[in-house]
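Trainee: Got a minute to go through a model with me? I'd like to start with a single residue and work outwards.

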Amino acid sequence: MERLHVFLDESGAFGFDFSKPKCTSHLVIAAVLVSESNLAFVTEEVDKLRKRYFQTGEIKSKNIKGKQSRKRIELLKAIMQLPLNFAILIVDKRKIYEDSHLRKFKKTFYKFVYQQIYSDLLNTVKDISIHPDEVGGKQDLEEFAKYYYRKADKFSLFRDIDFAFDDSKNSLLVQVADIVAGSVSKNVDTTHANETHNTDYLALLKPKIIYRKDFPWSPKTFFNETKFDSNADKEIAELALRLVDEFCYNNSGDDEIETKQQISVLQYLRFRFVQNQFRRYIPTRELMNHLIATGFDKMSVSTFRMKIIAKLRDNGVIIASSANGYKIPCKLSEVYDFINHGKNVILPMLNRLKRCNDTIRLATNNTVNLFERAEYRELAELLDINIPK
(Lines give C-alpha, C1' and ligand atoms only; values in the text may rest on other atoms or scores of the structure.)
Protein backbone atom coordinates (compact mmCIF):
# COMPACT_ATOMS: atom_id res chain seq x y z
CA MET A 1 0.00 0.00 0.00
CA GLU A 2 1.38 3.40 -0.96
CA ARG A 3 2.12 6.16 1.50
CA LEU A 4 -0.78 8.24 2.76
CA HIS A 5 -0.19 11.94 3.45
CA VAL A 6 -2.36 13.55 6.14
CA PHE A 7 -2.68 17.33 6.42
CA LEU A 8 -4.41 18.74 9.52
CA ASP A 9 -5.84 22.03 10.69
CA GLU A 10 -8.50 23.13 13.15
CA SER A 11 -11.38 25.50 13.75
CA GLY A 12 -12.26 26.71 17.23
CA ALA A 13 -10.08 27.38 20.24
CA PHE A 14 -9.35 26.53 23.85
CA GLY A 15 -11.60 28.25 26.39
CA PHE A 16 -14.55 27.25 28.54
CA ASP A 17 -16.25 30.48 29.59
CA PHE A 18 -19.31 29.90 27.42
CA SER A 19 -20.95 33.08 28.72
CA LYS A 20 -18.60 35.00 26.43
CA PRO A 21 -20.06 35.38 22.92
CA LYS A 22 -16.77 34.55 21.17
CA CYS A 23 -16.05 31.40 23.21
CA THR A 24 -16.41 28.52 20.77
CA SER A 25 -18.52 25.56 21.87
CA HIS A 26 -16.59 23.13 19.67
CA LEU A 27 -13.14 22.42 18.33
CA VAL A 28 -13.15 20.80 14.89
CA ILE A 29 -10.02 19.09 13.58
CA ALA A 30 -10.03 18.22 9.89
CA ALA A 31 -7.50 15.99 8.16
CA VAL A 32 -7.07 15.82 4.38
CA LEU A 33 -5.91 12.38 3.23
CA VAL A 34 -4.01 12.11 -0.06
CA SER A 35 -2.15 9.15 -1.51
CA GLU A 36 1.47 9.65 -2.55
CA SER A 37 0.70 9.09 -6.24
CA ASN A 38 -1.98 11.82 -6.18
CA LEU A 39 -0.09 14.35 -4.08
CA ALA A 40 1.45 16.43 -6.88
CA PHE A 41 -1.76 16.50 -8.94
CA VAL A 42 -3.98 17.44 -5.95
CA THR A 43 -1.57 20.17 -4.87
CA GLU A 44 -1.52 21.63 -8.37
CA GLU A 45 -5.34 21.59 -8.65
CA VAL A 46 -5.78 23.17 -5.21
CA ASP A 47 -3.42 25.95 -6.21
CA LYS A 48 -5.65 26.66 -9.22
CA LEU A 49 -8.66 26.87 -6.88
CA ARG A 50 -6.75 29.16 -4.54
CA LYS A 51 -5.93 31.55 -7.36
CA ARG A 52 -9.54 31.47 -8.60
CA TYR A 53 -11.19 32.18 -5.23
CA PHE A 54 -8.46 33.95 -3.22
CA GLN A 55 -6.11 35.40 -5.86
CA THR A 56 -2.78 35.87 -4.06
CA GLY A 57 -3.99 34.96 -0.56
CA GLU A 58 -4.38 31.72 1.35
CA ILE A 59 -7.44 29.50 1.35
CA LYS A 60 -8.90 30.56 4.68
CA SER A 61 -12.32 29.68 6.03
CA LYS A 62 -12.52 32.86 8.11
CA ASN A 63 -11.98 34.95 4.98
CA ILE A 64 -15.23 33.68 3.48
CA LYS A 65 -17.88 35.72 5.25
CA GLY A 66 -21.45 34.62 5.88
CA LYS A 67 -22.79 36.43 2.80
CA GLN A 68 -20.31 34.51 0.65
CA SER A 69 -21.75 31.07 1.37
CA ARG A 70 -22.11 30.39 -2.37
CA LYS A 71 -18.35 30.88 -2.75
CA ARG A 72 -17.73 28.40 0.08
CA ILE A 73 -20.08 25.84 -1.45
CA GLU A 74 -18.53 26.16 -4.91
CA LEU A 75 -15.02 25.78 -3.48
CA LEU A 76 -15.93 22.72 -1.42
CA LYS A 77 -17.67 21.07 -4.36
CA ALA A 78 -14.59 21.65 -6.50
CA ILE A 79 -12.34 20.17 -3.80
CA MET A 80 -14.68 17.18 -3.57
CA GLN A 81 -13.90 16.33 -7.21
CA LEU A 82 -10.24 15.72 -6.35
CA PRO A 83 -8.77 12.31 -5.35
CA LEU A 84 -8.65 12.92 -1.61
CA ASN A 85 -10.62 12.06 1.52
CA PHE A 86 -11.31 13.63 4.91
CA ALA A 87 -11.07 12.60 8.55
CA ILE A 88 -13.00 14.71 11.06
CA LEU A 89 -12.77 15.02 14.83
CA ILE A 90 -15.53 17.10 16.45
CA VAL A 91 -14.92 18.09 20.07
CA ASP A 92 -17.92 19.40 22.03
CA LYS A 93 -16.15 21.35 24.75
CA ARG A 94 -19.39 21.78 26.71
CA LYS A 95 -19.54 18.04 27.39
CA ILE A 96 -16.07 17.82 28.94
CA TYR A 97 -16.76 17.52 32.65
CA GLU A 98 -15.87 20.53 34.76
CA ASP A 99 -13.10 19.01 36.89
CA SER A 100 -11.25 17.66 33.86
CA HIS A 101 -7.62 18.64 33.30
CA LEU A 102 -8.66 19.43 29.73
CA ARG A 103 -10.61 22.46 30.92
CA LYS A 104 -7.78 23.74 33.10
CA PHE A 105 -4.68 23.38 30.96
CA LYS A 106 -4.50 24.53 27.34
CA LYS A 107 -1.50 22.36 26.52
CA THR A 108 -3.17 19.28 27.98
CA PHE A 109 -6.35 20.01 26.05
CA TYR A 110 -4.69 20.27 22.64
CA LYS A 111 -2.35 17.38 23.30
CA PHE A 112 -5.20 15.09 24.30
CA VAL A 113 -7.64 15.93 21.51
CA TYR A 114 -5.02 15.67 18.77
CA GLN A 115 -3.93 12.32 20.14
CA GLN A 116 -7.46 11.06 19.54
CA ILE A 117 -7.04 11.37 15.80
CA TYR A 118 -3.30 10.64 15.68
CA SER A 119 -3.74 7.32 17.46
CA ASP A 120 -6.56 6.16 15.20
CA LEU A 121 -4.61 7.08 12.07
CA LEU A 122 -1.41 5.40 13.22
CA ASN A 123 -3.22 2.26 14.33
CA THR A 124 -4.97 1.96 10.97
CA VAL A 125 -2.56 3.10 8.25
CA LYS A 126 0.69 1.23 7.68
CA ASP A 127 2.60 3.82 5.63
CA ILE A 128 1.76 7.38 6.68
CA SER A 129 3.14 10.90 6.81
CA ILE A 130 1.36 13.36 9.13
CA HIS A 131 1.52 17.10 8.34
CA PRO A 132 -0.15 19.35 10.91
CA ASP A 133 -0.02 23.12 10.73
CA GLU A 134 3.40 24.03 12.13
CA VAL A 135 1.99 27.10 13.86
CA GLY A 136 -0.11 25.00 16.22
CA GLY A 137 1.11 21.96 18.09
CA LYS A 138 4.57 21.22 16.70
CA GLN A 139 5.95 20.49 20.16
CA ASP A 140 2.91 18.39 21.03
CA LEU A 141 3.28 16.30 17.90
CA GLU A 142 6.98 15.80 18.57
CA GLU A 143 6.10 14.59 22.08
CA PHE A 144 3.44 12.30 20.68
CA ALA A 145 5.93 10.88 18.16
CA LYS A 146 8.35 10.04 20.97
CA TYR A 147 5.51 8.50 22.99
CA TYR A 148 4.30 6.44 20.02
CA TYR A 149 7.72 5.03 19.18
CA ARG A 150 8.36 4.26 22.85
CA LYS A 151 5.08 2.33 23.14
CA ALA A 152 5.16 0.78 19.67
CA ASP A 153 4.93 -3.01 19.63
CA LYS A 154 7.09 -5.35 17.56
CA PHE A 155 4.74 -5.12 14.59
CA SER A 156 5.56 -1.43 14.28
CA LEU A 157 8.94 -2.48 12.91
CA PHE A 158 7.10 -3.22 9.68
CA ARG A 159 5.42 0.21 9.58
CA ASP A 160 6.71 3.36 7.91
CA ILE A 161 5.65 6.47 9.83
CA ASP A 162 6.80 10.02 9.35
CA PHE A 163 5.91 13.13 11.34
CA ALA A 164 6.35 16.32 9.32
CA PHE A 165 5.39 19.96 9.86
CA ASP A 166 3.93 22.42 7.37
CA ASP A 167 3.23 26.11 7.66
CA SER A 168 -0.29 26.75 6.39
CA LYS A 169 1.01 29.74 4.40
CA ASN A 170 3.09 27.36 2.30
CA SER A 171 1.01 24.17 2.44
CA LEU A 172 -2.01 24.22 0.17
CA LEU A 173 -3.39 21.02 1.65
CA VAL A 174 -3.22 22.36 5.21
CA GLN A 175 -5.26 25.23 3.80
CA VAL A 176 -7.81 22.70 2.51
CA ALA A 177 -7.98 21.24 6.01
CA ASP A 178 -8.65 24.78 7.25
CA ILE A 179 -11.62 25.31 4.92
CA VAL A 180 -13.05 21.88 5.75
CA ALA A 181 -12.72 22.39 9.52
CA GLY A 182 -14.18 25.88 9.30
CA SER A 183 -17.12 24.69 7.21
CA VAL A 184 -17.98 21.86 9.61
CA SER A 185 -17.73 24.36 12.46
CA LYS A 186 -20.46 26.41 10.75
CA ASN A 187 -22.86 23.52 11.43
CA VAL A 188 -21.88 22.57 14.97
CA ASP A 189 -20.47 25.60 16.81
CA THR A 190 -22.86 27.89 18.68
CA THR A 191 -20.83 30.99 17.79
CA HIS A 192 -22.17 30.60 14.23
CA ALA A 193 -25.80 30.25 15.34
CA ASN A 194 -26.83 33.72 14.16
CA GLU A 195 -25.20 33.48 10.74
CA THR A 196 -27.54 33.38 7.78
CA HIS A 197 -26.70 30.10 6.08
CA ASN A 198 -28.74 26.96 5.65
CA THR A 199 -26.12 24.68 4.16
CA ASP A 200 -25.44 21.33 5.77
CA TYR A 201 -21.69 21.23 5.16
CA LEU A 202 -21.29 17.88 6.89
CA ALA A 203 -23.77 16.39 4.44
CA LEU A 204 -22.01 18.07 1.53
CA LEU A 205 -18.64 16.65 2.63
CA LYS A 206 -19.98 13.25 3.70
CA PRO A 207 -19.05 11.33 0.49
CA LYS A 208 -15.41 12.10 1.22
CA ILE A 209 -15.49 11.68 5.01
CA ILE A 210 -14.06 8.23 5.71
CA TYR A 211 -13.52 8.82 9.44
CA ARG A 212 -15.52 10.83 11.93
CA LYS A 213 -15.14 10.85 15.68
CA ASP A 214 -17.21 12.84 18.15
CA PHE A 215 -15.59 13.69 21.46
CA PRO A 216 -16.64 13.18 24.19
CA TRP A 217 -18.79 10.25 23.17
CA SER A 218 -22.21 10.04 24.72
CA PRO A 219 -23.33 6.72 26.27
CA LYS A 220 -25.73 6.30 23.35
CA THR A 221 -22.91 6.71 20.85
CA PHE A 222 -20.66 4.46 22.89
CA PHE A 223 -23.12 1.57 23.04
CA ASN A 224 -24.19 1.96 19.42
CA GLU A 225 -20.64 1.98 18.05
CA THR A 226 -18.73 -0.29 20.43
CA LYS A 227 -18.45 -3.91 19.30
CA PHE A 228 -18.89 -6.11 22.34
CA ASP A 229 -17.75 -9.73 22.30
CA SER A 230 -21.03 -10.90 23.81
CA ASN A 231 -24.41 -9.68 25.04
CA ALA A 232 -23.21 -10.34 28.59
CA ASP A 233 -20.33 -7.89 28.09
CA LYS A 234 -22.69 -5.21 26.81
CA GLU A 235 -25.10 -5.76 29.71
CA ILE A 236 -22.24 -5.46 32.21
CA ALA A 237 -21.04 -2.22 30.58
CA GLU A 238 -24.54 -0.70 30.51
CA LEU A 239 -25.22 -1.66 34.13
CA ALA A 240 -21.86 -0.38 35.40
CA LEU A 241 -22.22 2.96 33.62
CA ARG A 242 -25.81 3.40 34.81
CA LEU A 243 -24.80 2.78 38.43
CA VAL A 244 -22.01 5.36 38.13
CA ASP A 245 -24.40 7.95 36.71
CA GLU A 246 -27.01 7.23 39.39
CA PHE A 247 -24.49 7.64 42.20
CA CYS A 248 -23.20 10.94 40.77
CA TYR A 249 -26.72 12.26 40.24
CA ASN A 250 -28.08 11.17 43.63
CA ASN A 251 -25.09 12.62 45.51
CA SER A 252 -24.40 15.74 43.46
CA GLY A 253 -25.70 18.04 46.25
CA ASP A 254 -23.76 16.37 49.07
CA ASP A 255 -21.24 18.73 50.68
CA GLU A 256 -19.22 15.99 52.39
CA ILE A 257 -15.60 16.04 51.19
CA GLU A 258 -15.48 12.25 50.85
CA THR A 259 -18.57 12.23 48.65
CA LYS A 260 -17.13 14.94 46.44
CA GLN A 261 -13.91 12.93 46.16
CA GLN A 262 -15.86 9.80 45.27
CA ILE A 263 -17.79 11.65 42.56
CA SER A 264 -14.56 13.14 41.20
CA VAL A 265 -12.96 9.70 40.92
CA LEU A 266 -16.08 8.27 39.26
CA GLN A 267 -16.16 11.10 36.74
CA TYR A 268 -12.56 10.39 35.82
CA LEU A 269 -13.16 6.64 35.55
CA ARG A 270 -16.27 7.32 33.47
CA PHE A 271 -14.40 9.71 31.20
CA ARG A 272 -11.70 7.13 30.57
CA PHE A 273 -14.28 4.35 30.17
CA VAL A 274 -16.10 6.17 27.35
CA GLN A 275 -13.12 7.80 25.62
CA ASN A 276 -10.24 5.35 25.90
CA GLN A 277 -10.46 2.89 23.04
CA PHE A 278 -8.45 0.30 24.97
CA ARG A 279 -10.30 0.99 28.24
CA ARG A 280 -7.33 -0.11 30.31
CA TYR A 281 -7.10 -0.24 34.09
CA ILE A 282 -6.25 3.11 35.66
CA PRO A 283 -3.40 2.93 38.21
CA THR A 284 -4.24 3.92 41.78
CA ARG A 285 -1.59 6.64 41.71
CA GLU A 286 -3.15 8.20 38.60
CA LEU A 287 -6.55 8.42 40.30
CA MET A 288 -5.00 9.91 43.44
CA ASN A 289 -3.11 12.46 41.35
CA HIS A 290 -6.39 13.37 39.68
CA LEU A 291 -7.86 14.20 43.10
CA ILE A 292 -4.88 16.38 43.94
CA ALA A 293 -5.13 18.15 40.58
CA THR A 294 -8.80 18.92 41.22
CA GLY A 295 -8.03 20.57 44.55
CA PHE A 296 -8.32 17.81 47.14
CA ASP A 297 -5.71 17.04 49.78
CA LYS A 298 -3.19 14.28 49.30
CA MET A 299 -4.09 10.95 50.93
CA SER A 300 -2.41 7.60 51.45
CA VAL A 301 -3.11 4.62 49.21
CA SER A 302 -4.84 2.77 52.03
CA THR A 303 -7.09 5.77 52.76
CA PHE A 304 -7.94 6.08 49.07
CA ARG A 305 -8.92 2.43 48.86
CA MET A 306 -10.91 2.51 52.10
CA LYS A 307 -12.70 5.86 51.82
CA ILE A 308 -13.12 6.12 48.05
CA ILE A 309 -13.18 2.75 46.31
CA ALA A 310 -14.59 0.67 49.18
CA LYS A 311 -17.29 3.23 49.99
CA LEU A 312 -18.35 3.40 46.34
CA ARG A 313 -18.63 -0.37 46.23
CA ASP A 314 -20.60 -0.31 49.47
CA ASN A 315 -23.06 1.98 47.65
CA GLY A 316 -23.52 -0.52 44.83
CA VAL A 317 -21.17 0.98 42.25
CA ILE A 318 -19.38 -1.75 40.29
CA ILE A 319 -15.67 -1.01 40.01
CA ALA A 320 -13.40 -3.67 38.57
CA SER A 321 -9.88 -3.99 39.91
CA SER A 322 -6.72 -5.91 39.27
CA ALA A 323 -3.05 -5.53 40.06
CA ASN A 324 -3.02 -2.82 37.36
CA GLY A 325 -5.57 -0.54 39.03
CA TYR A 326 -9.28 0.24 38.74
CA LYS A 327 -11.85 0.77 36.00
CA ILE A 328 -15.53 0.74 35.20
CA PRO A 329 -15.98 -2.74 33.68
CA CYS A 330 -17.06 -3.07 30.06
CA LYS A 331 -16.93 -6.85 29.94
CA LEU A 332 -17.77 -9.80 32.17
CA SER A 333 -14.13 -10.90 32.39
CA GLU A 334 -13.28 -7.64 34.17
CA VAL A 335 -15.83 -8.40 36.88
CA TYR A 336 -14.08 -11.73 37.30
CA ASP A 337 -10.80 -9.78 37.58
CA PHE A 338 -12.34 -8.05 40.60
CA ILE A 339 -13.51 -11.35 42.12
CA ASN A 340 -10.15 -13.03 41.52
CA HIS A 341 -8.28 -10.04 42.92
CA GLY A 342 -10.50 -10.08 46.00
CA LYS A 343 -10.24 -13.84 46.35
CA ASN A 344 -6.45 -13.64 46.42
CA VAL A 345 -6.67 -11.20 49.34
CA ILE A 346 -9.67 -12.55 51.25
CA LEU A 347 -9.12 -16.32 51.19
CA PRO A 348 -5.56 -16.24 52.58
CA MET A 349 -6.74 -13.89 55.35
CA LEU A 350 -9.70 -16.12 56.22
CA ASN A 351 -7.43 -19.16 56.27
CA ARG A 352 -5.04 -17.38 58.64
CA LEU A 353 -7.95 -16.46 60.94
CA LYS A 354 -9.21 -20.02 60.92
CA ARG A 355 -5.75 -21.43 61.58
CA CYS A 356 -5.27 -19.03 64.49
CA ASN A 357 -8.62 -20.09 65.99
CA ASP A 358 -7.92 -23.81 65.45
CA THR A 359 -4.55 -23.50 67.20
CA ILE A 360 -6.10 -21.78 70.23
CA ARG A 361 -8.98 -24.28 70.42
CA LEU A 362 -6.51 -27.15 70.36
CA ALA A 363 -4.22 -25.58 72.96
CA THR A 364 -7.16 -24.88 75.32
CA ASN A 365 -8.97 -28.18 74.68
CA ASN A 366 -11.76 -26.19 72.99
CA THR A 367 -12.46 -24.04 76.03
CA VAL A 368 -11.70 -20.93 73.98
CA ASN A 369 -13.29 -20.40 70.59
CA LEU A 370 -12.61 -16.91 69.22
CA PHE A 371 -15.65 -16.96 66.99
CA GLU A 372 -18.19 -17.52 69.75
CA ARG A 373 -18.52 -13.78 70.23
CA ALA A 374 -21.62 -12.31 68.63
CA GLU A 375 -19.65 -9.79 66.53
CA TYR A 376 -17.80 -12.69 64.86
CA ARG A 377 -20.85 -14.80 63.93
CA GLU A 378 -20.57 -13.82 60.24
CA LEU A 379 -16.94 -14.91 60.17
CA ALA A 380 -17.89 -18.22 61.79
CA GLU A 381 -20.45 -18.81 59.06
CA LEU A 382 -17.97 -17.97 56.32
CA LEU A 383 -15.42 -20.36 57.83
CA ASP A 384 -18.08 -23.00 58.48
CA ILE A 385 -17.23 -23.13 62.20
CA ASN A 386 -19.82 -24.79 64.34
CA ILE A 387 -20.80 -22.42 67.16
CA PRO A 388 -23.17 -23.65 69.86
CA LYS A 389 -26.44 -21.65 70.00
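Trainee: Is Gln261 buried or exposed?

Mentor: Keep in mind that this is a predicted model. Gln261 counts as buried, because its relative accessibility is 7% and the cut-off for buried is under 20%.

Trainee: Where is Gln261 found?

Mentor: In helix α10, which covers residues 257-275.

Trainee: And what is Gln261 in contact with, leaving aside neighbours within four places in sequence?

Mentor: Leu291, Phe296, Met299 and Ile308. Asp297 is 36 residues from Gln261 in sequence, and the two C-alpha atoms are 9.9 Å apart.

Trainee: Switching to loops. Where does Thr226 sit?

Mentor: In the loop between α8 (219-225) and α9 (231-250).

Trainee: Buried or exposed, that Thr226?

Mentor: Buried, at a relative accessible area of 14%. The C-alpha atoms of Thr226 and Val274 are 9.8 Å apart in space, with the two positions 48 residues apart in sequence numbering.

Trainee: Now the rings. How many aromatic pairs does the structure hold?

Mentor: Nine. One of them is Phe14 with Phe16: the ring centres are 5.5 Å apart and the planes stand at 80°, so the pair is edge-to-face. The angle cut-off for that label is over 60 degrees.

Trainee: How are Phe14 and Phe16 placed, buried or exposed?

Mentor: Phe14 is partly exposed, with a relative accessible area of 26%. Phe16 counts as buried, at 15% relative accessibility.

Trainee: Which residues form a cluster with those two?

Mentor: Phe18, Phe109 and Tyr110 join Phe14 and Phe16 in one aromatic cluster.

Trainee: What about charges over rings? Which ring does Arg72 lie over?

Mentor: The face of Tyr201, with 5.9 Å to the ring centre. There is also Lys327, whose charged end sits over the ring of Tyr281 at 5.9 Å from the centre.

Trainee: Back to the whole chain. How many helices and strands does the protein chain have?

Mentor: It has 14 helices and eight strands. The protein chain has 389 residues, and 46% of them count as buried.

Trainee: What share of the contacts comes from residues 24 or more positions apart?

Mentor: 69%, taken among contacts in the protein chain with a separation of 6 or more.

Trainee: Last one: what area does the protein chain expose?

Mentor: About 21500 Å², of which carbon and sulfur atoms supply 51%.

Conventions:
Residues numbered from 1 in each chain as written. Predicted model: local features only at pLDDT ≥ 70, side-chain atom pairs only at ≥ 80, totals over all residues. Heavy atoms only, no water. Phe/Tyr/Trp six-rings, centres within 6.5 Å; stacked < 30°, edge-to-face > 60°. Buried < 20%, exposed > 50% of the residue type's maximum accessible area, 1.4 Å probe, protein only. Lys NZ or Arg CZ within 6 Å of the ring centre and 35° of its normal. Helix = DSSP H or I, 4+ residues; strand = E, 2+ residues; numbered from the N terminus. Contact = heavy atoms within 4.5 Å. Areas by Shrake-Rupley, 256 points an atom, 1.4 Å probe, with all protein chains shown as cover.
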